[in-house]
Amino acid sequence: MVLEFQDVSIDYPNGFRAASGVSFSVEAGQCLAIVGESGSGKTTLARAALGILPKGSRVSGSIRTGDTEIVGASEKTLRRVRGLMAGFVSQEPFSSFNPIARVYDHLAEAWRVHARRPDALTIYGSLEDLGIENASRTTDKYPFEWSGGMLQRAAIAAAATHRPTIIIADEPTSALDTSRAESILAALKASRAALLLISHDIGLVRRYADKIAVCYEGRIVEIGEAARIFSRPQHEHTKSLLHDASAETENEDQITSDRVVLEAKDLRKTYVRAGAEMHAVRRADLTVRSGEIVGICGPSGSGKSTLLRLLATIDTPTHGTVLFENDLVTSGDSRKLQGRKARTGFVMPIFQDPLSSLNANWKVWRIVTEPLEAKHRSEKLTRSEKRDIAQQILAKVGLESLDLDTRPRRLSVGQSQRISIARALIASPKLIVADEPTSALDVSVSRKILGLFAKIAAAGTAIVIVSHDQSMLKNLCHRVLRMDEGVLLN
């Protein structure tokens with residue numbers, strides 16, 4: 001066995017039991033997929049296999065990588081396991097990269113940490129095999145200059161650097177377009193390394209997994225050959241997951257308003273560093289009406305996320321204008337935001353990287369209700385009132401049982417994303433711009449969130465949503481546009 005869990009239980013420092021009595025094994029060359037709801041313990045199991053749980057966590061049972069026991073192992077032993085025996089791809093590409101180091105330095109660190117000299121040609125080649133063009137030039141950039149999909153491919157390259165016997169991949173394709181996700185899973189399978197795959201993409205799991213383990217409330221409730229799981233699921237939770245994966249959320253509401261909420265004219269965004277120009281957005285024109293849901297799809301790195309940041313007035317365009325209800329709020333000519341004070345709460349963003357968008361020092365109730373203070377400065381709400389409001393909005397995104405005093409570091413990525421969505425909804429904005437809002441969510445929660453988007457759009461809120469899931473966009477949106485090489489195609 002390449003990786004084996006035997007009766008593993010995991011308790012976090014706050015006393016929460018994240019896993020209980022978990023047993024499974026992964027054989028050489030095999031792909032075992034762990035599926036389940038957000039917060040069910042999947043990421044905890046992945047991190048336990050590498051000994052990277054939060055300090056103070058308690059692990060019982062046995063976790064073996066090859067002949068090495070992970071539970072109770074010294075840091076020296078764990079460092080030898082990480083990278084050489086087991087590669088790891090995090091669910092969050094942005095947070096796994098040092099923001100003040102160039103991308104090349106991150107890849108080179110995979111060599112230096114094992115006292116090996118980085119091989120630049122090998123690094124560049126591994127990236128180009130994963131679809132990163134001109135790697136020798138692009139790796140000189142900083143992480144914020146790369147898209148989430150590009151960073152995820154770099155993380156995969158780093159994990160596979162030393163050809164480990166197993167790669168542990170936590171949602172490795174959540175930031176990638178469909179074709180890229182397929183090619184990368186195929187490449188991981190072709191590497192001959194065993195693969196422990198954690199994914200919400202049931203379709204992808206069906207095509208690439210040899211075995212499937214279904215995780216529910218910290219336990220493995222069903223495990224077996226992939227074909228058997230899909231054809232004859234035994235546990236009720238497995239049946240529910242497969243049903244939700246096959247069901248589609250359709251938005252049949254028609255747009256009834258001609259009122260223009262957002263108008264973007266000839267938007268362009270160019271970054272300049274060391275005398276070189278990078279055209280993130282080459283041209284974009286967009287008009288969105290009240291109650292309309294507009295989808296934007298396109299390959300990783302095509303400029304979708306940059307466009308959303310321009311529409312949300314988080315970034316200023318190099319050229320062009322953004323108007324909210326015919327009022328100019330940002331212009332590339334003036335290089336300044338002109339209507340921010342008057343537009344507080346008008347637009348709310350939902351970011352692709354939920355963890356870094358939440359204040360790590362704040363409790364959940366304060367994070368969720370922060371927009372209320374910004375929007376209604378004259379109306380002072382008591383702490384008790386804020387907590388009640390937070391509880392109500394969290395219930396709408398499926399977090400009714402979440403402790404309001406929890407801080408982000410105790411949350412899964414999926415839970416963090418739902419909190420980001422709740423925070424956006426609580427301000428009752430006229431416009432929401434959402435960047436891959438369901439990529440970190442399991443299928444059942446995704447359906448609930450998409451249904452909620454449809455309802456708030458029907459009530460008059462305009463939504464611009466970026467996603468790699470073209471099927472979802474087709475069913476949810478009133479129209480879907482494509483972005484390609486920085487150009488928004490109408």
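Is Q417 buried or exposed, and what is its relative accessible area? In this predicted model, Q417 is buried, because its relative accessible area of 0% falls under the 20% limit that the term requires.

**Around Q417**

Q417 belongs to helix α15, and its surroundings can be described by listing the residues that it touches. When residues up to four places away in sequence are not counted, Q417 touches I350, F351, Q352, P354, D435, E436, P437 and L441. One of these residues, E436, also appears in a polar pairing, since the backbone oxygen of E436 lies 3.5 Å from a polar atom of the side chain of Q417.

**Helices α14 and α15**

In general, two packed helices are described by the angle between their axes and the distance between the axes. For helix α14 (residues 383-396) and helix α15 (residues 413-426), the axes come within 9 Å and cross at roughly 115°, and the crossing is right-handed. On the α14 side of this contact stand I389, I393 and L394, which meet I419, A422, L425 and I426 of α15. Sorted by class, the contact of α14 with α15 has seven nonpolar residues, with no polar and no charged ones.

**The six-stranded sheet**

Strands of a sheet pair through backbone hydrogen bonds, and the pairing may be parallel or antiparallel. One open sheet in this model has six strands, which follow the order β6-β7-β8-β3-β9-β10 with mixed pairing. Its edges are formed by β6 (86-89) and β10 (219-225), each of which pairs on one side only. Neighbouring strands of this sheet are turned against each other by 15° on average, with direction ignored.

At one end of the order, β9 (residues 211-216) and β10 pair in the antiparallel sense over six bridges, and within this part of the sheet K211 has E225 of β10 as its bridge partner. Helix α10 (residues 236-246) packs on the sheet, where it touches β3 (31-36), β9 and β10, and the direction of α10 makes about 105° with that of β9.

Strand β3 contains A33, which counts as buried because its relative accessibility is 0%. Leaving aside neighbours within four places in sequence, A33 is in contact with L197, V205, A209, K211, I212 and A213.

**Strands β1, β2 and β4**

Strand β1 (residues 3-11) is joined by seven bridges to strand β4 (residues 58-65), and these two run antiparallel. In that pairing, L3 stands opposite T65 of β4. Strand β1 also pairs with strand β2 (residues 17-26) in the antiparallel sense, over six bridges, and here F5 stands opposite F24 of β2. The hairpin of β1 and β2 has five residues between the strands, and in this hairpin G15 takes a positive phi near 95°.

**An exposed residue and two separations**

Where does A115 lie? A115 is found in the loop between α3 (103-112) and α4 (120-129), and it is exposed, because its relative accessible area of 75% is over the 50% limit for that term.

The table sets separation along the chain beside separation in space for two pairs, one of which includes A115 and the other A33.

| Pair | Separation in sequence | C-alpha to C-alpha distance |
|---|---|---|
| A33 and E400 | 367 residues | 28 Å |
| A115 and D315 | 200 residues | 41 Å |

Conventions:
Residues numbered from 1 in each chain as written. Predicted model: local features only at pLDDT ≥ 70, side-chain atom pairs only at ≥ 80, totals over all residues. Heavy atoms only, no water. Pairing = 2+ DSSP bridges. Helix = DSSP H or I, 4+ residues; strand = E, 2+ residues; numbered from the N terminus. Axes fitted to C-alpha atoms, helices over the stretch in contact; angles between N-to-C directions. Contact = heavy atoms within 4.5 Å. Left-handed = near helix turned anticlockwise from the far one by under 90°. Nonpolar A, V, L, I, M, F, W, Y, C, P; charged D, E, K, R; others polar. Buried < 20%, exposed > 50% of the residue type's maximum accessible area, 1.4 Å probe, protein only. Polar contact = N/O pair within 3.5 Å; in protein donor to acceptor, adjacent residues only side chain to side chain.
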